[in-house]
Amino acid sequence: MENIRLRFAPSPTGALHIGGIRTARYNFLLARKYNGTFVLRIEDTDQTRYVPGAEEYILDALRWCGLSPDEGPGIGGDYGPYRQSERKSIYLKYAEQLVASGHAYYAFDTPEELAILRSRAESDGNTFKYDAKVRHQLTNSLTISQEEVHERINRGDDYTIRLAVPQDELVLIDDLVRGRVQFHTNELDDKVMLKSDGMPTYHLANIVDDHLMRITHVIRGEEWLPSTAHHVLLYRFLGWEETMPAFAHLPLIMKPNGKGKLSKRDGAKLGIPVFPLSWKGPTPENTFIGFREFGFLPEAVNNFLAFLGWNPGTDQELFDMADLTRAFSVEKIGKSGARFDFDKARWFNQQHLIKMKSEDLLPWVKPIISEKGHHPDDAFLLSFINLMKERVHVLPEFWDQGNYFFTDYTHLDEKMVRKKWKPELREAFNHLEALIQTIDDFNAENIQHHVKYFITEKELSFGAILPILRLSLTGTTKGPDVFATMVLLGKPEVTRRISNSYLHFDKITG
RNA sequence: GGCCCGUUCGUCUAGGGGUUAGGACGCAGGAUUUUCAUUCCUGAAACACGGGUUCGAUUCCCGUACGGGCUACCA
């Protein structure tokens, strides 16, 4: 595996969903594992589907995921340009070479004519296929004279160049994931190589570029498997079969309900992210929330994604990027489609959150708190993160579950107050408040010691006091250790909240 | 419809001719006598079906069913 080169080749037609990120991830992983090169190529040959901003999104998304390309548009490299629209003339040359060697031909049939043939066949219960059986009845350089071909081209008639797929041959593909797959050429159509606007189709561009860019392995989605036979034929006809890259077709990521492959819409429908980053489209229907905005760590997203269709063969599930690179192998990629399981994604995120050092989490949590208008110092934030990180799944929950550390709580669990507050506790709480005032060294151990003493003194129980104490401090019965919470809140705030809470409590129970 | 790919707990999966079919998420119960969470323990839960091959198939082969993909001058 020397000098391996892999590429990720998305088309800039909008936001890139996580299926694409997984494909990029696998390509990246294999490249890194063998000290190879990871190339980004933009496949913008369909000018009608070009979406402004999409290319930028792709690069941003890759970078956020830690998948920065070694070569690509805006990055450079020895095999550029890396945007197919900028390589137009290259494809024409090879398309014409294909015609010259008899493996392709000029076709003048218009889309309208073909549509008619298609619908006619359909009404007869058949399907129309532009192939060896019918190409001699259609308008192309095989059926009209060379003069007429030149004449039509010279006068500016629209034409395409189609691949002349031979008859009665077997095309063998040794897929790294699926083993040997074979296609019979009689089932293959004469695919368009060069479109009438002068742009190549994916099929031609991808083969020409993979060859010219010295790509050694093509890892892509299973949706490409059926056209791989055409691709093999192209390598053969262009004389490049010796250096043809190895193919690995990935199982698809399926919708959470298992019905079909995951699509952009599924996210909005279920209220879950299926994109790495948020994407603002022209309409609400084309606007999507990303894993980043949802509060996921890129490492967790990658860990989760890597396991959709791959596993190391051990019981280990938690991987950082470096571990993943070490453990990854194409042989361990599965064959069957993997369902997108958001609960598992949340679990991965939680585990990564727990595993991370609080210092490393600081830059992720800080913006969430400051967004709410609070700017505590790092030491405070660090203690806060320590207390909270093992009870949140996604970043915004640091605020949702811990906002009372920064401001008076806005929500009080009245049901629990009714359950725990007895008016006769008021006297005890007054004592407790006074007792807390006297604690000089306000650390958790010390506070606990005093509170414990107080409880036994008053012949009360932990279970009677602590929940209501927590309620008075945080408004909820859930949360980190009460004494640790008190330390972080600080003595003045603790006593303030305790004395303030009587009013609310009496009102609720009274 | 045609072609191609696939099928182990609800989900992600390990395994592979003879296993109590393993792990993880989720779910249920329990422990950690302040909650929540973490952590730990326990539990329910799977080899699609039918034929072969074999002493023996979940594992190999062939069918069937089911699922998925492709079937554009889209990628």
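I count Ala, Val, Leu, Ile, Met, Phe, Trp, Tyr, Cys and Pro as nonpolar, Asp, Glu, Lys and Arg as charged, and the others, Gly among them, as polar.

The model is predicted, so I noted that local features need pLDDT of at least 70 and side-chain atom pairs pLDDT 80 or more, while totals for chains, interfaces and linings use all residues. Residues are numbered from 1 along each chain as its sequence is written, chains are lettered from A and ligands numbered from 1 in written order, and side-chain values use heavy atoms, with hydrogens and water left out.

**RNA strand B**

I looked up the residues near the strand (a heavy atom within 4 Å of it). I found 63 around RNA strand B, the closest being Arg178, Glu317, Glu390, Arg391 and Asp481. On the RNA side, sugar and phosphate make up 73% of the strand B atoms that come within 4 Å of the protein. By class, I listed 26 charged, 20 nonpolar and 17 polar residues on this surface.

**Polar contacts**

I took a polar contact here as a pair of N or O atoms within 3.5 Å. A polar backbone atom of Gly479 is 2.5 Å from a base nitrogen of RNA strand B. For Arg470, a side-chain N or O atom lies 2.9 Å from a base nitrogen of the strand. Gln351 has a polar side-chain atom 3.5 Å from a phosphate oxygen of RNA strand B.

**Elements**

I used DSSP runs numbered from the N terminus: helices (H or I, at least four residues) and strands (E, at least two). Elements giving two or more residues to the surface near RNA strand B include β6 (179–184), α12 (342–355) and α19 (462–474). The largest share, six residues, comes from α12.

Definitions and conventions: Polar contact = N/O pair within 3.5 Å; in protein donor to acceptor, adjacent residues only side chain to side chain.
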